[in-house]
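Trainee: I've got this one open on my screen and would like to go through it with you. Can we take it one question at a time?

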Amino acid sequence: MTFETEEDLRRERKAIDTFVKTFGGSYQKLDPLDVDYKIFDKDKKLIAYAEVKGRIRPMRDAYPLPIAIRKLVKLADKSLNPVVSWACEDGIIYGRPEKLRGEIKYGGRKIREDSYDDQELMAYYEKQKGLKYVRFV
């Protein structure tokens, strides 16, 4: 069961729009059971895959940045420039998972009825050199 609200999807679109505008590219939304997006350069060549995570707080208060290990594995399986992005209230924080160091532990969110993955193996990233920041305009 998916729990994404229209507000969640709006936040995700704003984040991916901001990300691709940094280099003039475009994107394509993928299946709900896949990673979130294919990323294309300005010549429409596939250059990356991206996962966007919501982080409902300002960038300065966003740490540690969480992501499910299963999402990182899906990104890594694509073998083409994986990027993970956290959509904060005032901008995005993004990086390439292979350049990040984090802590792995069991965690997630408060368990919701009919949800099977609220608690799972997670990676948590603190502020580090491999992360980049773009403020929303």
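Trainee: How many nonpolar, polar and charged residues are in the lining of the second largest pocket?

Mentor: Keep in mind that this is a predicted model. The second largest pocket holds about 180 Å³ of space, and 13 residues line that pocket. Sorted by class, the lining comes to seven nonpolar, three polar and three charged residues.

Trainee: Which residues are the closest to the centre of that second largest pocket?

Mentor: Start with the strands: β3 (46-54) and β6 (91-95) each supply at least two residues of the lining. Out of the 13 lining residues, the ones closest to the centre are Phe-19, Asn-81, Val-83, Tyr-94 and Arg-96.

Trainee: What order do the strands of the six-stranded sheet have?

Mentor: The sheet is open and its pairing is mixed. At its edges sit β1 (26-29) and β9 (132-135), each of which pairs on one side only. From one strand to the next, the twist averages 30°. Read across, the order is β1-β2-β3-β5-β6-β9.

Trainee: Which residue in β2 stands opposite Gln-28?

Mentor: β1 and β2 (residues 37-40) run antiparallel, with four bridges joining them. In that pairing, the residue opposite Gln-28 is Lys-38.

Trainee: Which residue in the turn between β2 and β3 has a positive phi?

Mentor: β2 and β3 are also antiparallel, again joined by four bridges. Tyr-37 stands opposite Ala-50 in that pair. The two strands make a hairpin with five residues between them, and the turn residue with a positive phi, about 70°, is Lys-44.

Trainee: Do β3 and β5 run parallel or antiparallel?

Mentor: Look at Val-52 in your viewer: Ser-85 in β5 stands opposite. Six bridges join β3 to β5, and their direction is parallel.

Trainee: What angle does the direction of helix α2 make with that of β3?

Mentor: Helix α2 (residues 69-78) packs on the sheet, where α2 touches β3 and β5 (82-87). Taking the direction of α2 against that of β3, the angle is about 175°.

Trainee: Which residue in the loop between α2 and β5 has a positive phi?

Mentor: We want a residue other than glycine here, with phi near 60°. The one that fits, in the loop between α2 and β5, is Ser-79.

Trainee: And where is the cis peptide bond?

Mentor: Go to the loop between β3 and β4 (65-68), where you'll find Pro-64. Omega there is about 0°, and the cis bond joins Tyr-63 and Pro-64.

Trainee: Stepping back, how many helices and strands does the protein chain have?

Mentor: Walk along from the N terminus and the elements read α-β-β-β-β-α-β-β-β-β-β. Altogether, the secondary structure comes to two helices and nine strands.

Trainee: Why would a radius of gyration of 14 Å agree with a compact globule?

Mentor: Along its principal axes, the C-alpha trace spans about 45 × 30 × 30 Å. The chain has 137 residues, so the rule for a compact globule predicts a radius of gyration near 14 Å. The protein chain agrees with that, because its own radius of gyration is 14 Å.

Methods:
Residues numbered from 1 in each chain as written. Predicted model: local features only at pLDDT ≥ 70, side-chain atom pairs only at ≥ 80, totals over all residues. Heavy atoms only, no water. 1 Å grid on protein atoms, 1.4 Å probe; cavity = no way out; pocket = protein on both sides within 12 Å on 5 of 7 lines; lining within 4 Å. Points joined across faces, edges and corners; volume = space filled by probe spheres on them. Nonpolar A, V, L, I, M, F, W, Y, C, P; charged D, E, K, R; others polar. Pairing = 2+ DSSP bridges. Axes fitted to C-alpha atoms, helices over the stretch in contact; angles between N-to-C directions. Contact = heavy atoms within 4.5 Å. Rg over C-alpha atoms; globule rule 2.2 N^0.38 Å.
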